[in-house]
Amino acid sequence: MAILLRAIGPVTHKLMSMTQWRAASEAAGFLAPETLVNTGNMLAEFDGSDVAAVEKMTAVLRGFGLSENVVPIVRRPELLNALMAANPIEAAAERADQTGVYLFAADEPHLGWLEGHDGPEKIHVLQRHLVIDFGPSVAQSARLMRLIDKRCGTNTVRNWNSVRRIAERCRLREKV
């Protein structure tokens, strides 16, 4: 499974290194935890449901003194592979770093309000995820990003390249 942390950055790295996160995760029952650089992305095996994994990982994070803003979002490799295979935006190949994939904590995030979106961004709803082509300037989409946070609930966003790398690494782990 992939565990992607919301709100990870320099402040959280002072409280929890990736080495510490792996060790605490393994102690909590996650098998063969592997972090990808310093990004707040972990791959691990877990003998339990996604809900149980989120509960266990939340306890790990709180054990480091991280705030409730740091939230684990779990995705199974099959779902990540399906997202990559769907490839709903042509721009992902050309501007992967400007194509965002929003992953939500909720099983049913409220996405209906996006149907009438007429901004410069191209938005695709794929299962319970948003894939957004931000165009040549992600900075111009700050208003949309705030609305997504406000209206859709707890989420984390990764660019297309990151999700592709996570999915590829998951496939490599399955072959071992």
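This passage walks through a predicted model of a single chain, from its overall build to its cores and a handful of individual residues.

Starting with the whole chain, the secondary structure adds up to 7 helices and 8 strands. For 176 residues, a compact globule would be expected to have a radius of gyration near 16 Å, and the chain comes in at 16 Å, so the two agree. Along the principal axes, the C-alpha atoms take up a box of roughly 50 × 35 × 25 Å. Buried residues account for 45% of the 176 in the chain. Contacts reach across the sequence too: of those between residues at least 6 apart, 70% link residues at least 24 apart.

The surface comes next. About 9100 Å² of the chain is exposed, and carbon and sulfur atoms provide 51% of that area. As for charge, there are 21 positive and 20 negative side chains, with the centres of the two sets 5 Å apart.

Now for the inside. In soluble globular proteins, nonpolar side chains tend to be buried together. Here the largest nonpolar core holds 22 residues, and the members touching the most others are Leu-80, Val-101, Trp-160 and Ile-166. Two or more residues of this core come from each of strand S1 (2-6), strand S4 (71-75), helix H4 (77-86), helix H5 (91-94), strand S5 (99-104) and helix H7 (160-175). H7 gives the largest share, with 5 residues. Val-101 shows how such a member is surrounded: setting aside neighbours within four places in sequence, its contacts are Leu-83, Leu-130, Val-131, Thr-156, Val-157, Arg-158, Trp-160 and Val-163. A separate core of 19 residues lies apart from this one, and Phe-30, Met-42, Ala-44 and Phe-46 are among its members.

Tyr-102 sits in strand S5. With a relative accessible area of 2%, Tyr-102 falls under the 20% cut-off and is therefore buried. Beyond the neighbours within four places in sequence, Tyr-102 is in contact with His-129, Leu-130, Ile-132, Phe-134, Met-145, Ile-148, Asn-155, Thr-156 and Val-157. Leu-130, Thr-156 and Val-157 also appear among the contacts of Val-101.

Cys-152 belongs to helix H6, which spans residues 142-152. Its relative accessibility is 4%, so Cys-152 counts as buried as well. Leaving out residues up to four places away in sequence, Cys-152 touches Phe-104, Pro-109, His-110, Leu-111, Trp-113 and Leu-147. Cys-152 and Tyr-102 are separated by 50 residues in sequence, and their C-alpha atoms are 10.0 Å apart in space. Tyr-102 and Ala-32 are 70 residues apart along the chain, with 26 Å between their C-alpha atoms.

Ala-32 brings up the backbone. Most residues other than glycine have a negative phi. Ala-32 is not a glycine, yet its phi is positive, at about 50 degrees. This residue is found in strand S2, residues 31-35. Ala-32 has a relative accessible area of 45%, which means that it counts as partly exposed. Val-37 is another residue other than glycine with a positive phi, near 55 degrees. Val-37 is located in the loop between S2 and strand S3 (41-45). With a relative accessible area of 70%, Val-37 passes the 50% mark and so counts as exposed.

The last residue to look at is Thr-58, part of helix H3 (residues 50-63). Its relative accessibility of 24% is not under 20% and not over 50%, so Thr-58 is classed as partly exposed. Thr-58 and Thr-154 lie 96 residues apart in sequence, while their C-alpha atoms are 14 Å apart in space.

Key. Residues numbered from 1 in each chain as written. Predicted model: local features only at pLDDT ≥ 70, side-chain atom pairs only at ≥ 80, totals over all residues. Heavy atoms only, no water. Helix = DSSP H or I, 4+ residues; strand = E, 2+ residues; numbered from the N terminus. Rg over C-alpha atoms; globule rule 2.2 N^0.38 Å. Buried < 20%, exposed > 50% of the residue type's maximum accessible area, 1.4 Å probe, protein only. Contact = heavy atoms within 4.5 Å. Areas by Shrake-Rupley, 256 points an atom, 1.4 Å probe, with all protein chains shown as cover. Lys, Arg positive; Asp, Glu negative; His and termini not counted. Charge placed at Lys NZ, Arg CZ, Asp CG, Glu CD. Core = buried A, V, L, I, M, F, W, Y, C linked by side-chain atoms within 4.5 Å.
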